[in-house]
Amino acid sequence: MQKGLQSMLSSLVSWDHVRMLPWLLVFSVLVLGARDAPTIVSRNDWGSRMLTCRAQLTQPVVYVITDELTGMECQEQNLCSWKLRGLQSHSVYTKGWCDVPYNFLVGDEGRVYEGVGWNIQGSHTQGYNNVSLGIAFFGSKMGSSPSPAALSAAGGLISYAIQKGYLSSRYIRPLILQSETCLVPQQPVRSRKACPNVVTRSAWGARETLCPKMNLPVKYVIIIHTAETSCNVSVDCQIRVRDIQSFHINDRNFCDISYQFLVGQDGGVYEGVGWHTQGAHTYGYNDIALGIAFIGNFVERVPNNAALEAAQNLIQCAVDEGYLVTDYLLVGHSDVVNTLSPGKALYNIIKTWPHFKH
């Protein structure tokens, strides 16, 4: 069985380059055919490993993003479940994601398989994971459109999502993936809320302090790591942030925690000194830069997708709200001071982000 799984993995066209169907035609059929809620094969029923993803979806979401997975042909539940377990293993061990990247997957036999479900962010489309449901069709022959049963099941899933408040009744559909980085909507894109939910100082139990004010907007974003144990649950992250504040005040003689914001592996953003107060993260830059610190040590391993997306959304929020100039420069901590922060693994990622300047 293990050998068969390896053969199946190697024979796939690629899970890294999913091919899209002509969704405008497909979704016309899909929406017209939507009726009752489809049968959903639960994670337990298809033999999933435990769900470890933490980033929550804020509902209702406004996008539906659809993919087709090639090379996963199957026509009955046992085989489809086996291939889905293979996809999950590939997603976790090869891609480094917390689980399968989709909220739901639709088999060609007309069954819907639970991915990360209604309440958890997927990892299907960077920049949209926190505002969309990702639905992948699998099981059809390479080059073929999904079967009528699959389209009907997807339509039922979308109708059910609207009825239960998981999806806006005015959702934008569909988004067509034309390349790995280009999404083309089939109707005008409404502006989306870029600002992530922030765990405030009062929520994590910050000490009251008085520090110098920041003159906004600033020019720089500096990405940092805290070089300590990471956290995957909000309660643990709040403890980490309190401990960092105490260390910075008691041992470093800073006026407060030194970062504007901190990001946990739970996908949460934690308010440090916030937008309007100077940090103490980088000598010579504290009055002209936002310091964003990933909680953990990222010399050898990278933050998960939830944390990376939260940080990117925070940066976009800073631009949208006028805290950061539109032509800002993004640098790693080690670019402006002699330090290992933000860690080589994380540094290699932020080099690919917009506005990065070595």
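The following exchange goes through disulfides, salt bridges, nonpolar cores and a few single residues of a predicted model.

Biologist: How many disulfides does the model have?
Modeller: A pair of cysteine sulfur atoms counts as a disulfide within 2.5 Å. Among the pairs that pass are Cys-74 with Cys-80, at 2.2 Å, and Cys-231 with Cys-237, at 2.1 Å. By this rule the count comes to 4 disulfides.

Biologist: Is the link of Cys-74 and Cys-80 right-handed or left-handed?
Modeller: Both Cys-74 and Cys-80 are buried. The angle about their S-S bond is 105°. The link of Cys-74 and Cys-80 is right-handed.

Biologist: How many residues apart are Cys-211 and Cys-255?
Modeller: The sulfur atoms of Cys-211 and Cys-255 lie 2.0 Å apart, as a disulfide. The pair links distant parts of the chain, with Cys-211 in the loop between α5 (201-204) and β9 and Cys-255 in the loop between α6 and β10 (261-263). Along the chain, the two cysteines are separated by 44 residues.

Biologist: Is Cys-255 buried or partly exposed?
Modeller: Buried means under 20% relative accessible area, and exposed means over 50%. Cys-211 is at 9% and therefore counts as buried. Cys-255 has a relative accessibility of 35%, so the class for Cys-255 is partly exposed.

Biologist: Why is the disulfide of Cys-231 and Cys-237 called right-handed?
Modeller: Cys-231 is buried at 1% relative accessibility, and Cys-237 is buried at 0%. The disulfide is called right-handed because the torsion about its S-S bond is about 105°.

Biologist: How many salt bridges are found in the whole structure?
Modeller: The test asks for a side-chain nitrogen of Lys or Arg within 4 Å of a carboxyl oxygen of Asp or Glu. Arg-111 and Glu-109 satisfy this, with their closest N and O atoms 3.5 Å apart. Arg-111 is partly exposed at 30% relative accessibility, whereas Glu-109 is buried at 19%. A search of the whole structure gives 4 salt bridges.

Biologist: Which residue forms a salt bridge with Arg-201?
Modeller: The closest N and O atoms of this bridge are 2.8 Å apart. The pair links distant parts of the chain, 55 residues apart, from helix α5 to the loop between α6 and β10. Arg-201 is buried at 16% relative accessibility, and its partner is buried at 3%. That partner is Asp-256.

Biologist: Which strands hold Asp-327 and Lys-219?
Modeller: The side chains of Asp-327 and Lys-219 meet in a salt bridge, 3.5 Å from N to O. The two residues are 108 residues apart, in strand β13 for Asp-327 and strand β9 for Lys-219.

Biologist: Are Asp-327 and Lys-219 buried or partly exposed?
Modeller: Buried requires under 20% relative accessible area. Asp-327 is at 46%, and Lys-219 is at 31%. Asp-327 therefore counts as partly exposed, and Lys-219 is likewise partly exposed.

Biologist: Which element gives the most residues to the largest nonpolar core?
Modeller: This core has 30 residues, of which Ile-223, Phe-294, Ile-315 and Trp-353 touch the most other members. At least two residues come from each of β9, β10, β12 (289-294), α7, β13 and α9 (344-350). The element that gives the most, with 9 residues, is α7.

Biologist: Which residues does Ile-315 contact?
Modeller: Ile-315 is among the core residues that touch the most other members. Neighbours within four places in sequence are left aside. The contacts of Ile-315 are then Val-221, Ile-223, Ile-292, Leu-324, Tyr-328, Leu-330 and Trp-353.

Biologist: How many residues are in the other core?
Modeller: This core lies apart from the largest one. Val-106, Phe-137, Ala-150 and Leu-151 are among its members. The number of residues in this other core is 20.

Biologist: What separates the C-alpha atoms of Tyr-323 and Leu-216?
Modeller: Tyr-323 is in the loop between α7 (305-320) and β13 (324-332) and is buried, at 17%. Beyond four places in sequence, Tyr-323 touches Leu-216, Pro-217, Val-218, Trp-275, His-276 and Ala-318. Tyr-323 and Leu-216 are 107 residues apart along the chain, yet their C-alpha atoms are separated by 5.5 Å.

Biologist: Which residues make the nonpolar surface patch of about 220 Å²?
Modeller: Patch members need over 30% relative accessible area. One of them lies in the loop between β9 (218-225) and α6 (234-250) and is partly exposed at 35%. The patch is made by Val-233, Val-235 and Ile-239.

Technical notes:
Residues numbered from 1 in each chain as written. Predicted model: local features only at pLDDT ≥ 70, side-chain atom pairs only at ≥ 80, totals over all residues. Heavy atoms only, no water. Helix = DSSP H or I, 4+ residues; strand = E, 2+ residues; numbered from the N terminus. Buried < 20%, exposed > 50% of the residue type's maximum accessible area, 1.4 Å probe, protein only. Contact = heavy atoms within 4.5 Å. Patch = residues over 30% accessible without salt bridge, like charges linked within 9 Å, V, L, I, M, F, W, Y side chains within 5 Å. Areas by Shrake-Rupley, 256 points an atom, 1.4 Å probe, with all protein chains shown as cover. Core = buried A, V, L, I, M, F, W, Y, C linked by side-chain atoms within 4.5 Å.
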